[in-house]
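Student: I should like to understand how terms are applied to a structure. May we look at one together?

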Amino acid sequence: MDIESLRDYCLSLKGATEGMKWDHLCFMIEEKIFVLASLEDGHLCLKCDPEGFDELTARHGIKQAPHFARRQWVVLESLEIMPDQELQKRIAESRALVLSKLPKKTQAKYQ
């Protein structure tokens, strides 16, 4: 997956918007980040289920995302770390995890 494919996929998710924060391309729902992509080094941060954290970080090229909640965010060294289909699934899960923390009324708009 390249950055344009990533952008297209993220924006296809209901309620997703994009913006720039900390010199990174961000994809958000209700101004809450679910994907953070570095345009400089190709790193990609996304939220993960804490129960699946150890499994993900055991894989080559995936580690705890610095400056994010422990065991809840991972960073992929590149977009090629995972097959496209798995990456899309992980991005959708990240969005769902972020959405689940928003008020019920807000959640209802996007489900």
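Student: Why is Asp-8 called partly exposed?

Tutor: This is a predicted model, in which local features need pLDDT of at least 70, side-chain atom pairs count only at pLDDT 80 or more, and totals for chains, interfaces and linings use all residues. Residues are numbered from 1 along each chain as its sequence is written, and side-chain values use heavy atoms, with hydrogens and water left out. Buried means under 20% relative accessible area, exposed over 50%, and partly exposed in between (1.4 Å probe, protein chains only). Asp-8 has 49% relative accessibility, so it counts as partly exposed. Asp-8 belongs to helix α1 (residues 3-12).

Student: Which residues gather with Asp-8 in a patch of negative charge?

Tutor: They are Asp-2, Glu-4, Glu-80 and Asp-84, on the surface. In such a patch, residues have over 30% relative accessible area and no salt bridge, and like charges are joined within 9 Å. A salt bridge is a side-chain nitrogen of Lys or Arg within 4 Å of a carboxyl oxygen of Asp or Glu. Asp and Glu count as negative.

Student: What makes Trp-22 exposed?

Tutor: Its relative accessible area is 60%, and therefore Trp-22 is exposed. Trp-22 is placed in the loop between β1 (16-21) and β2 (24-29). Its phi is near 55 degrees, a positive value in a residue other than glycine. Most residues other than glycine have a negative phi.

Student: Why does His-67 count as exposed?

Tutor: His-67 has 82% relative accessibility, so it counts as exposed. His-67 is found in the loop between β5 (62-64) and β6 (73-76), and has a positive phi of about 70 degrees although it is not a glycine.

Technical notes. Helices (H or I, at least four residues) and strands (E, at least two) are DSSP runs, numbered from the N terminus. Patches are made of residues with over 30% relative accessible area and no salt bridge: like charges are joined within 9 Å, nonpolar side chains (Val, Leu, Ile, Met, Phe, Trp, Tyr) within 5 Å. Accessible areas come from the Shrake-Rupley method with a 1.4 Å probe; for residues, only the protein chains shown count as cover. The place of a charge is taken as NZ of Lys, CZ of Arg, CG of Asp or CD of Glu.
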